[in-house]
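Subject: Structure handover

Dear colleague,

Here is the structure I said I would pass on. My notes on it follow below; please read them with the model open.

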Amino acid sequence: MPLAGPPPQTMRDELRALARLAAPLVGANLLQMAVYAVDVIFVARLGAVDFAAATLGVFLFSLILWALIGFTGACAPIIAAELGARAHAVREVRRSFRMAMWLGAIASAFFMLVLAHGETILHWLGQDPRVAARTGVFLDILLFVMLPNVWAGVMRTAAAALGRPGWALVVTLMALGLGILGNWLLVFGHAGFPALGLEGSAIASVVTACAMMLAYAAILQFDGKLRRYRLFGRWWRPEWPRLIEIAKLGAPIALTFTLEGALFGGAAFLMGLIGVVEVAAHAIALNIAAIAFQVPFGIAQAATIRVGMAYGAADREWIGRAGWAAIVTGTGFMALTATAIWLAPRLFVSIYVDVSEPAHAREVALAIQYLAVCAMFQLFDGAQAVAAGSLRGLQDTRMPMLIAGFGYWVAGFGTAIFLGFHAHWEGVGIWVGLAVGLAVVSGMLVTRWSMRERLGLLPAHPTKLN
């Protein structure tokens with residue numbers, strides 16, 4: 001059944017449609033994690049200063065990039081609703097795509113100027129002058145990744161919404177191969193290339209991002225199903241009402257992504273106040289949690305499209321099926337990961353460090369403690385991600401942003417500070433704070449989804465499409 005076809009009549013049909021859309025998006029998300037890991041693996045061999053510079057630089061860059069992807073990604077529920085309504089879909093989809101690309105260019109240009117002052121920003125944050133200087137050099141190159149990555153994100157969203165989610169998996173696999181090759185050639189200087197070190201890793205990232213952008217552009221232009229939308233047609237023509245619509249819907253999404261990402265960044269800062277070993281153990285546990293999160297995040301992306309199509313069709317029954325199918329699937333998967341982490345935490349930690357080495361004994365012990373808490377909040381993490389994605393399908397983004405601000409930073413970060421330092425639970429207290437934040441946000445978002453009709457989030461004139 002095509003994504004824009006008749007609405008599924010049963011939950012089983014909806015689950016199948018969700019799986020067809022979500023599976024390649026999940027795969028692409030996991031491969032994207034591998035792309036980031038490649039940079040870390042190569043740069044980690046350059047020494048402590050360059051590794052710290054890359055870590056801080058990537059954190060600043062990623063926080064901005066994900067906010068911009070969320071900002072421009074607001075075109076997803078709009079395009080999906082246009083497909084669901086089937087009213088002048090080709091023209092309206094093209095307008096939404098074009099204005100999302102315009103927004104991406106405008107916002108990227110602004111934040112590229114911000115990142116050009118990376119060294120100054122890190123001096124303000126009290127970082128080591130040597131690390132700040134190297135980070136500034138790194139960001140001076142890495143900032144050119146911003147625009148191609150944002151544009152690639154918009155094109156990926158459009159391809160998925162228009163029924164070609166599998167291309168995301170293909171392009172990200174290509175990016176992984178290019179990232180490995182680029183780092184191998186430029187970081188240490190193989191095959192006659194100069195050994196550029198940290199700068200070489202940044203250049204490899206620029207080449208990879210540009211290749212992804214060009215690959216998606218070719219796909220939209222030449223894929224048989226996608227080219228009929230002529231998405232690059234009249235690219236110079238403004239549609240100011242549509243641009244404003246996307247910006248209004250996307251700004252809260254961008255801030256929500258920033259609030260969540262900054263929470264975990266803030267937790268790392270709190271760990272740094274306790275000790276170096278705690279930071280290392282936190283990084284291990286957080287990386288494991290981040291990998292598991294890519295599955296419900298991909299399901300959430302699919303939920304936005306599925307619910308958005310039902311919203312455009314003004315079919316309340318379909319909206320309910322699409323949202324609950326995604327929430328149950330995402331939460332169910334995280335129940336499996338929670339069980340695995342709970343039963344075999346040492347096995348997961350052994351992927352990162354030699355657990356039999358006495359020098360790593362305290363790091364391993366702390367990581368296992370943090371993973372025990374991580375196992376508990378897996379369900380909350382999955383539920384909040386997919387519930388937020390479903391609400392975005394209803395074009396409801398402002399209240400979820402406020403919920404994220406309260407849940408993550410009042411309930412979550414506040415609990416982390418209290419338990420970590422005042423109750424002297426240290427790292428475990430900080431992780432319990434993360435769990436509390438995720439629990440509060442997930443509970444409030446799922447409740448909001450359950451009350452969608454009472455809150456007036458549904459279309460005013462429901463119809464049943466056959």
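Two helices, helix 11 (276-312) and helix 12 (316-343), each give at least two residues to the lining of the second largest pocket. Helices here are DSSP runs of H or I with at least four residues, strands are runs of E with at least two, and both are numbered from the N terminus. A pocket is an open set of points on a 1 Å grid over the protein atoms alone, with protein on both sides within 12 Å along at least five of seven lines; a cavity is a set of points where a 1.4 Å probe fits but cannot get out, and lining residues have an atom within 4 Å of a point.

This is a predicted model, in which local features need pLDDT of at least 70 and side-chain atom pairs count only at pLDDT 80 or more, while totals for chains, interfaces and linings use all residues. Residues are numbered from 1 along each chain as its sequence is written, and side-chain values use heavy atoms, with hydrogens and water left out.

The second largest pocket has a volume of about 190 Å³, a volume being the space filled by probe spheres set on grid points that are joined across faces, edges and corners. Its lining consists of Leu30, Ile288, Ile291, Ala292, Val295, Phe333, Thr337, Ala340, Ile341, Phe348, Ile351 and Tyr352. By class, 11 of the lining residues are nonpolar, one is polar and none is charged. For these classes, Ala, Val, Leu, Ile, Met, Phe, Trp, Tyr, Cys and Pro count as nonpolar, Asp, Glu, Lys and Arg as charged, and the others, Gly among them, as polar.

The structure also holds one cavity of 30 Å³ or more. The largest cavity has a volume of about 60 Å³, and its lining is made up of Pro252, Ile253, Thr256, Phe257, Ala388, Arg392, Asp396, Thr397 and Pro400. Helix 10 (240-274) and helix 14 (361-393) are the elements that supply two or more of these residues; helix 10 has the largest share, with four. Five residues of this lining are nonpolar, two are polar and two are charged.

Leu391 is in helix 14. Which residues does Leu391 contact, leaving aside neighbours within four places in sequence? They are Asp396, Pro400, Leu445, Arg448, Trp449 and Leu457, where contact means heavy atoms within 4.5 Å. Asp396 and Pro400 also appear in the lining of the largest cavity. Leu391 counts as buried because its relative accessible area is 0%; buried means under 20%, exposed over 50% and partly exposed in between, with a 1.4 Å probe and protein chains only. The C-alpha atoms of Leu391 and Ala300 are 9.7 Å apart, with their positions 91 residues apart along the chain.

Ala322 belongs to helix 12 and is buried, since its relative accessibility is 1%. Apart from neighbours within four places in sequence, Ala322 contacts Glu14, Arg306 and Val307. Its C-alpha atom is separated by 43 Å from that of Phe421, 99 residues away along the chain. In helix 9 (residues 198-222) there is Thr208, buried at 6% relative accessibility. Thr208 touches Ala175, Leu178 and Gly179, not counting residues up to four places away in sequence.

Two loop residues should be checked for their backbone angles. Most residues other than glycine have a negative phi. Ala191, in the loop between helix 8 (166-186) and helix 9, has a positive phi near 55°. Ala314, in the loop between helix 11 and helix 12, also has a positive phi, of about 55°. Buried or exposed: what are Ala191 and Ala314? Ala191 is exposed, at 60% relative accessibility, whereas Ala314 is buried, at 12%.As for the whole chain, there are 16 helices and zero strands. Its radius of gyration, taken over C-alpha atoms, is 22 Å, which agrees with the value near 23 Å for a compact globule of 466 residues; the globule rule is 2.2 Å times the number of residues to the power 0.38. Along the principal axes, the C-alpha atoms fill a box of roughly 65 × 50 × 35 Å. Buried residues account for 54% of the 466. Of the contacts between residues at least 6 apart in sequence, 83% join residues at least 24 apart.

Regards
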